[in-house]
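Colleague: Could you walk me through a few of the labels in this model? I'd like to hear the reasoning behind each one.

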Amino acid sequence: MLIEKYDLEVFTPPCNPGSERYAARARLFVDISEILPYLNATLRGAVYLPSANALTWKKGGHNIAFHSYEIATSNVEDRDSAEKELKGLINLVNDTWERRSEITPDITIRQRPTSMAVYKLLPQTNCKQCGEPTCYTFALKLIAAQRNLTDCPLLAEPKYEEKRSALEEIMIDAPAIG
Ligand code: SF4
């Protein structure tokens, strides 16, 4: 196990005092830099910054960051969820560490696609079948990992196959943590 103990803190970010959103931070007693290329290979949609020993990731609208001695999540709905998510992230790191012999580490530095780039690959019919008012709103939620490509039924149609493939290249369904 890579992370055996840590100090956990749940708080309201000082930049947003009194807000209804919460952040959680685990201060680690071990350097997890070595695992970041493995997370970069498996957490599709992650942005890896080797020079800063940092990897950021968005899941369900939450902002997640892995640093050498710290893992943090922010923009979470409540304290319990923030704590639970952080424990899930610790498990994710430990699981990835256990499986590292099966994973090819990846040091590629990727950029997140822009909302406009994603929107251009959607059907752009604003049909609302995904439950969103517009395709652009859907694009924003895809980027925030609050929606998956399969939530747009039109993308399953043969005429959108090329766009769907392009979206699959740049958009990534976030894996479950917990
Ligand atoms: S279901 Fe697809 S095409 Fe329809 S509004 Fe949602 S994203 Fe746009």
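Colleague: Why is Glu-132 called buried?

Modeller: This is a predicted model, so the value is computed from predicted coordinates. Glu-132 has a relative accessible area of 7%, and buried means under 20%, so the label applies.

Colleague: Where does Glu-132 lie, and what does it touch?

Modeller: Glu-132 is in the loop between helix 3 and helix 4 (135-143). Leaving out residues up to four places away in sequence, Glu-132 touches Thr-137, Phe-138, Lys-141 and Arg-147.

Colleague: What makes the pair Glu-132 and Arg-147 a polar contact?

Modeller: Their side chains are joined at 3.2 Å, and the cut-off is an N or O pair within 3.5 Å.

Colleague: And how do you know which label fits Thr-73, buried or exposed?

Modeller: Thr-73 comes out at 2% relative accessible area. With buried set at under 20%, Thr-73 is therefore buried. You'll find Thr-73 in strand 6 (residues 70-76).

Colleague: Which side chain makes a polar contact with Thr-73?

Modeller: That's Glu-85, at 2.5 Å. The limit is 3.5 Å, so the pair qualifies. Thr-73 also touches residues including Tyr-22, His-62, Ile-64 and Leu-89.

Colleague: Back to the loop between helix 3 and helix 4. Why is Gln-124 called partly exposed?

Modeller: Gln-124 has 35% relative accessibility. Buried needs under 20% and exposed needs over 50%, so Gln-124 falls in between. Gln-124 also has a positive phi of about 60°, although it is not a glycine.

Colleague: What about Lys-128, in that loop between helix 3 and helix 4: why does it get the label exposed?

Modeller: The relative accessible area of Lys-128 is 51%. Exposed means over 50%, so Lys-128 is exposed. Its phi is positive too, near 70°, in a residue other than glycine.

Colleague: Which residues are around the ligand?

Modeller: Lys-128 is one of them. The others are Pro-123, Thr-125, Asn-126, Cys-127, Gln-129, Cys-130, Cys-135, Phe-138, Cys-152, Pro-153 and Leu-154. To be listed, a residue needs a heavy atom within 4 Å of the ligand.

Colleague: How does that shell split by class?

Modeller: There are eight nonpolar, three polar and one charged residues around the ligand. Cys and Pro count as nonpolar here.

Colleague: And what makes you say the ligand sits in the largest cavity?

Modeller: The test is that more than half of a molecule's atoms lie within 2 Å of the cavity's grid points. The ligand is assigned to the largest cavity, so it passes that test.

How values were computed
Residues numbered from 1 in each chain as written. Predicted model: local features only at pLDDT ≥ 70, side-chain atom pairs only at ≥ 80, totals over all residues. Heavy atoms only, no water. 1 Å grid on protein atoms, 1.4 Å probe; cavity = no way out; pocket = protein on both sides within 12 Å on 5 of 7 lines; lining within 4 Å. Helix = DSSP H or I, 4+ residues; strand = E, 2+ residues; numbered from the N terminus. Buried < 20%, exposed > 50% of the residue type's maximum accessible area, 1.4 Å probe, protein only. Polar contact = N/O pair within 3.5 Å; in protein donor to acceptor, adjacent residues only side chain to side chain. Contact = heavy atoms within 4.5 Å.
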